[in-house]
Amino acid sequence: MQRLCIAVLFVLSAGISFAEQSSNESADETAVWKLEFSYWDDVKALDLVSYRALWHTDFIGWPFVSPAPQHKDHITDWIDQYTAKGLHLRSYSLRPAGSHATGNIVLTYYWLTATWEDKRGHGEPQMSRITHTWLKTPTTPTGWQILAGMSAAEPPATPPDLKK
């Protein structure tokens, strides 16, 4: 019975902690998270005009499909690699891992599960980790643009052995 009470208290405290974290999100973070979802909606719709507008002129980032960091002029290369194979983004799921706002910058970290489908409707979910640095840009329609970013394929969940 004591274990059950401890487990219930743990679950309740975790829920309270999550609610506090969500309520502590700044207005800037909330605005940027909406843009992260817009980003993936643009990719799914292949709306490359809206997608490119999310990127700052001075952008540099390192997508996991690229052997080296890229600038804005290559920001759609990874999408082109999928569509050249006849694939389209059927679905995605974005799970925030964290964010932080400071001054005119918001950092986002999240896991993405994306399913790219071929013309026959076949496709497997792929997981990745993504981080973006958003810069407040009041002269743009969204008010924010991606200044930097990096992504990595998500390996199977195997915790490292930290005792070695």
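What is the accessible surface of the chain, and what percentage of it belongs to carbon and sulfur atoms? In this predicted model, the accessible surface comes to about 10,600 Å², and carbon and sulfur atoms account for 61% of that area. The chain has 164 residues, of which 30% count as buried. Its secondary structure consists of four helices and six strands, and the strands form an open sheet with mixed pairing.

**Overall fold**

- Read along the sequence, the elements follow the pattern α-α-α-β-β-α-β-β-β-β.
- Of the contacts between residues at least 6 apart in sequence, 55% join residues at least 24 apart.

**The sheet**

- The six strands of the open sheet are arranged in the order 2-1-6-5-4-3.
- Strand 2 (70-71) and strand 3 (88-102) occupy the edges; each has a single partner strand, so one side of each is left without a neighbour in the sheet.
- Helix 2 (residues 27-45) packs on this sheet, where it touches strand 1 (55-62), strand 3, strand 4 (105-117), strand 5 and strand 6.
- The direction of helix 2 makes about 160° with that of strand 3.

**Strand pairing**

- Strands of a sheet pair through backbone hydrogen bonds, in either a parallel or an antiparallel sense.
- Strand 5 (residues 125-136) and strand 6 (residues 144-153) run antiparallel and are joined by nine bridges.
- Within strand 6, I146 is the bridge partner of W134, and A148 stands opposite T133.
- Strand 4 and strand 5 also pair in the antiparallel sense, over 11 bridges.
- For T108, the bridge partner in strand 5 is H132.

**Salt bridges**

- The structure holds four salt bridges, including the three described below.
- D28 and K136 meet through their side chains at 3.4 Å, N to O. This pair links distant parts of the chain, with D28 in helix 2 and K136 in strand 5, 108 residues apart.
- D28 counts as partly exposed because its relative accessibility is 21%; K136 likewise counts as partly exposed, at 34%.
- R90 and E117 form a salt bridge with an N to O distance of 2.9 Å. R90 lies in strand 3 and E117 in strand 4, so the pair ties together parts that are 27 residues apart in sequence.
- R90 is partly exposed at 37% relative accessibility, whereas E117, with a relative accessible area of 13%, is buried.
- E154 and R129 meet in a salt bridge at 2.8 Å, N to O. E154 lies in the segment after strand 6 and R129 in strand 5, and the two are 25 residues apart.
- Both partners are partly exposed, with relative accessible areas of 25% for E154 and 38% for R129.

**A buried acid without a salt bridge**

- D42 lies in helix 2, the helix that packs on the sheet.
- D42 is buried yet has no salt bridge.
- The nearest side chain of opposite charge to D42 is that of R52, 11 Å away. A salt bridge requires a side-chain nitrogen of Lys or Arg within 4 Å of a carboxyl oxygen of Asp or Glu.
- Leaving aside residues up to four places away in sequence, D42 touches D47, S50, Y51 and L54.

Note on methods:
Residues numbered from 1 in each chain as written. Predicted model: local features only at pLDDT ≥ 70, side-chain atom pairs only at ≥ 80, totals over all residues. Heavy atoms only, no water. Buried < 20%, exposed > 50% of the residue type's maximum accessible area, 1.4 Å probe, protein only. Contact = heavy atoms within 4.5 Å. Areas by Shrake-Rupley, 256 points an atom, 1.4 Å probe, with all protein chains shown as cover. Pairing = 2+ DSSP bridges. Axes fitted to C-alpha atoms, helices over the stretch in contact; angles between N-to-C directions. Lys, Arg positive; Asp, Glu negative; His and termini not counted.
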